[in-house]
Amino acid sequence: MKIQGLIDRRILINYQVDNVVLENYLPKPFRPKLVNGKGVAGICLIRLKEIRPKGLPKQIGISSENGAHRIAVEWHENGRCKEGVFIPRRDTSSRLNVLAGGTIFPGVHHLADFRVNESNGNYNVTFSSDDKTSLSIEASETDNWNDQSIFENLNSVSDFFANGSIGYSPSKKNFDGLELKVSNWKVSLLEVNKVRSSFFEDTSVFPEGSVKFDNALLMRDVEHEWIGLGKMKSVHTL
């Protein structure tokens, strides 16, 4: 399966997370990919346009707002160490994505109400899902790097996420795999004025003090393909 389209806007909100907390949370065979001893997790807020099976005209494509909770991971496959992201949760504005998620399209999707306000380099994005999972962010474009980040600079964080293009989502007893391929990978910085995430603020999963905001990135107008990778059954069958 190959799906193509346009990433009209993609915001990556990134946190540094205690590695032991992530190790306890992640299912096998995944383990946290570390940067300076910390795990990396966050939310991808992505507006997709012209999404359709590869080879079909863009006029039939669909558009949607989407949110994906992600954890940077490593795992062994066929004797090799691989890297990507584990995606425990996907939210979408599209009822079609909800119906197709976990069947035609990898990963179960939750229907959510998205509200987006973008103007003059400022971004205000919120969503609330059918089970009350919610997120809100207020951010603006900037050239200033957060000197409290676990990453050295913009180039290092850009490379980190460019290399983690494979994602696995839970689907019943398996994990659905998906690879993102982009033709023009380029990220810029966002300064975050306010961010709230019910997922990462859930202290029953992430104890107080185990999660800290690190950085936020922006991508615009990216031609891309999603390539289905099939299912990962268990660590014993890799």
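A cavity is a set of points where a 1.4 Å probe fits but cannot get out, and its lining residues have an atom within 4 Å of a point. I begin with this definition because the second part of my presentation rests on it. Please keep in mind throughout that the structure before you is a predicted model.

Let me turn first to the charged side chains. Side chains of opposite charge can pair when their charged atoms come close. In this model the count of salt bridges is 15. I shall discuss three of the pairs.

In one of these, Arg 47 is paired with Asp 8, and the closest N and O atoms are 2.7 Å apart. Arg 47 belongs to strand 4, residues 38-53, and Asp 8 to strand 1, residues 2-17, so this salt bridge ties together parts that lie 39 residues apart in sequence. Arg 47 and Asp 8 are both buried.

A further salt bridge is formed by Glu 65 and Arg 9, at 2.8 Å from N to O. Here Glu 65 sits in strand 5, residues 62-77, while Arg 9 sits in strand 1, so the two tie together parts 56 residues apart in sequence. Are these two residues buried or exposed? Glu 65 has a relative accessibility of 10% and Arg 9 has 0%; since buried means under 20%, both count as buried.

The pair of Arg 115 and Asp 113 offers another case, with a salt bridge of 3.4 Å from N to O. Arg 115 is exposed, at 57% relative accessibility. Asp 113, at 41%, is partly exposed.

Which residues are linked in a network of salt bridges? They are Asp 8, Arg 9, Arg 47, Lys 49, Glu 65, Glu 118 and Arg 220. Both of the buried pairs that I described have their residues in this network.

I now move to the strands, starting with strand 5. Of its 16 residues, 12 are buried, and the strand is thus mostly covered. Strand 5 runs antiparallel to strand 2, residues 31-32, and two bridges join them. Arg 31 has Glu 74 of strand 5 as its bridge partner.

Strand 5 is also joined to strand 6, residues 80-92, by 11 bridges, and these two strands run antiparallel as well. One position to find on your screen is His 69, which stands opposite Arg 89 in strand 6. The two strands form a hairpin with two residues between them, and in that turn Asn 78 has a positive phi of about 55 degrees.

From strand 6 we may proceed to strand 10, residues 166-171. Strand 6 and strand 10 run parallel and are joined by two bridges. Phe 86 stands opposite Tyr 168 in strand 10. Five of the six residues of strand 10 are buried, so the rest of the structure largely encloses this strand. Strand 10 pairs in turn with strand 11, residues 174-182, in the antiparallel sense and over six bridges. There, Ser 169 stands opposite Asp 176 of strand 11.

A brief word on the cysteines. The count of disulfides is zero. Cys 44 is buried, at 5% relative accessibility, whereas Cys 81 is partly exposed, at 46%.

Finally, let us return to the cavities. Rolling a probe the size of a water molecule over the atoms shows where empty space is left. How many cavities of 30 Å³ or more does the structure hold? It holds two.

The largest cavity contains about 50 Å³ of space. Among the residues that line it are Asn 14, Ile 43, Arg 70 and Val 85. Strand 4 supplies the largest share of this lining, with four residues, and strand 5 supplies at least two. By class, the lining has seven nonpolar, two polar and one charged residues.

The second largest cavity contains about 40 Å³. Its lining consists of Lys 33, Ala 72, Glu 83, Gly 84, Val 85, Phe 160, Phe 161 and Gly 164. Strand 6 and helix 3, residues 154-163, are the elements that give two or more residues to this lining. Strand 6 gives the most, with three residues. In this lining, four residues are nonpolar, two are polar and two are charged.

As you compare the two linings, you will find Ala 72, Val 85 and Phe 161 in each of them. Thank you for your attention.

Key. Residues are numbered from 1 along each chain as its sequence is written. This is a predicted model: local features need pLDDT of at least 70, side-chain atom pairs count only at pLDDT 80 or more; totals for chains, interfaces and linings use all residues. Side-chain values use heavy atoms; hydrogens and water are left out. A salt bridge is a side-chain nitrogen of Lys or Arg within 4 Å of a carboxyl oxygen of Asp or Glu. Buried means under 20% relative accessible area, exposed over 50%, partly exposed in between (1.4 Å probe, protein chains only). Two strands pair if DSSP finds at least two bridges between them. A disulfide is a pair of cysteine sulfur atoms within 2.5 Å. On a 1 Å grid over the protein atoms alone, a cavity is a set of points where a 1.4 Å probe fits but cannot get out, and a pocket is an open set with protein on both sides within 12 Å along at least five of seven lines; lining residues have an atom within 4 Å of a point. Grid points are joined across faces, edges and corners, and a volume is the space filled by probe spheres set on the points. Ala, Val, Leu, Ile, Met, Phe, Trp, Tyr, Cys and Pro count as nonpolar, Asp, Glu, Lys and Arg as charged, and the others, Gly among them, as polar.
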